[in-house]
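Subject: Structure handover and what was found in it

Dear colleague,

I am passing on the structure that we talked about, and I would be grateful if you could open it before reading further. My notes come after it.

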Amino acid sequence: DVLTVEECTSQFRRGDTNADGKVNIADPVAGLNYLFLGASPPLCDDAADSQDDGKLDLSDAVSTLSWLFLGGGAPPAPGPEICGFDPSEDGLTRCDSGC
């Protein structure tokens, strides 16, 4: 199948809030900076939505930190390790993740 430009730009890694191609401590920090310190919004809202609940809030950073450091569950599909599409529908539309 051939991917359209729109499909290519909607691929992302769940949890990669800063869109650098990996999920690490910098991602929940970027999300918290956006939520509480007025930093720029994430390039891809779906990537920052670590819980895939359709909203960006403190629980996304907590979820990512739990996965990274406490053995919590990995972020939902497409997951934090490969680029993919969001299998669930929500109101989050901005997504320029660099995948």
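What follows goes from the chain as a whole to single residues.

Please keep in mind throughout that this is a predicted model. The chain has 99 residues, of which 34% are buried, and its secondary structure comes to 4 helices and 0 strands, so that, read from the N terminus, the order of the elements is α-α-α-α. Among the contacts with a separation of 6 or more, 64% are between residues that are 24 or more positions apart. The surface that the chain exposes amounts to about 5600 Å², and 57% of that area is supplied by carbon and sulfur atoms.

On the surface, I would look at a nonpolar patch of about 510 Å², which is made by Leu 35, Phe 36, Leu 37, Leu 58 and Val 62. Two elements, α2 (26–37) and α4, give two or more residues each to this patch, and α2 gives the most, with 3 residues. Phe 36 is a good residue to select in the viewer, since it lies in helix α2 and has a relative accessible area of 55%, which means that it counts as exposed, the cut-off for that word being over 50%.

Inside the structure, a search of the whole model finds 1 cavity of 30 Å³ or more, and the space in the largest cavity is about 100 Å³. Its lining is made up of 14 residues, and those that lie nearest the centre are Gly 31, Ala 48, Asp 57, Asp 60 and Ala 61. The elements that give two or more residues to this lining are α2 and α4, with α2 giving the most, namely 5 residues.

Next come the salt bridges, of which there are 4. Arg 14 forms one with Asp 86, where the closest N and O atoms are 3.0 Å apart; because Arg 14 lies in the loop between α1 and α2 while Asp 86 lies in the segment after α4, this pair ties together parts that are 72 residues apart in sequence. Both Arg 14 and Asp 86 are buried. Another salt bridge joins Arg 94 to Asp 45, with the closest N and O atoms 2.7 Å apart, and this pair too links distant parts of the chain, as Arg 94 is in the segment after α4 and Asp 45 is in helix α3, 49 residues apart. Arg 94 is partly exposed, with a relative accessible area of 37%, whereas Asp 45, at 8%, counts as buried. Salt bridges that share partners also join Arg 14, Asp 52 and Asp 86 into one network. Finally, Asp 20 forms a salt bridge with Lys 22, and there the closest N and O atoms are 4.0 Å apart; Asp 20 is partly exposed at 36% relative accessible area, and Lys 22 is partly exposed at 46%.

Two buried residues outside the helices are also worth following by hand. Ser 50 lies in the loop between α3 (45–48) and α4, and its relative accessible area is 1%, so it counts as buried. If its neighbours within four places in sequence are left aside, the residues in contact with Ser 50 include Arg 14, Asp 60 and Pro 75. Pro 80 is placed in the segment after α4 (58–69) and, at 9% relative accessibility, is buried as well. With the neighbours within four places in sequence again left aside, Pro 80 is in contact with Arg 13, Arg 14, Val 23, Trp 67, Ala 74 and Pro 75. Pro 80 and Phe 12 are 68 residues apart in sequence, yet their C-alpha atoms are 8.6 Å apart in space.

Some details of the backbone remain. The peptide bond from Ala 77 to Pro 78 is cis, with omega near 10°, and Pro 78 is found in the segment after α4. Ala 19, in the loop between α1 (5–9) and α2, has a positive phi of about 55° although it is not a glycine. Asp 52, in the loop between α3 and α4, likewise has a positive phi of about 55° without being a glycine.

With best wishes

How values were computed
Residues numbered from 1 in each chain as written. Predicted model: local features only at pLDDT ≥ 70, side-chain atom pairs only at ≥ 80, totals over all residues. Heavy atoms only, no water. Buried < 20%, exposed > 50% of the residue type's maximum accessible area, 1.4 Å probe, protein only. Contact = heavy atoms within 4.5 Å. Patch = residues over 30% accessible without salt bridge, like charges linked within 9 Å, V, L, I, M, F, W, Y side chains within 5 Å. Areas by Shrake-Rupley, 256 points an atom, 1.4 Å probe, with all protein chains shown as cover. Salt bridge = Lys/Arg side-chain N within 4 Å of Asp/Glu carboxyl O. 1 Å grid on protein atoms, 1.4 Å probe; cavity = no way out; pocket = protein on both sides within 12 Å on 5 of 7 lines; lining within 4 Å. Points joined across faces, edges and corners; volume = space filled by probe spheres on them.
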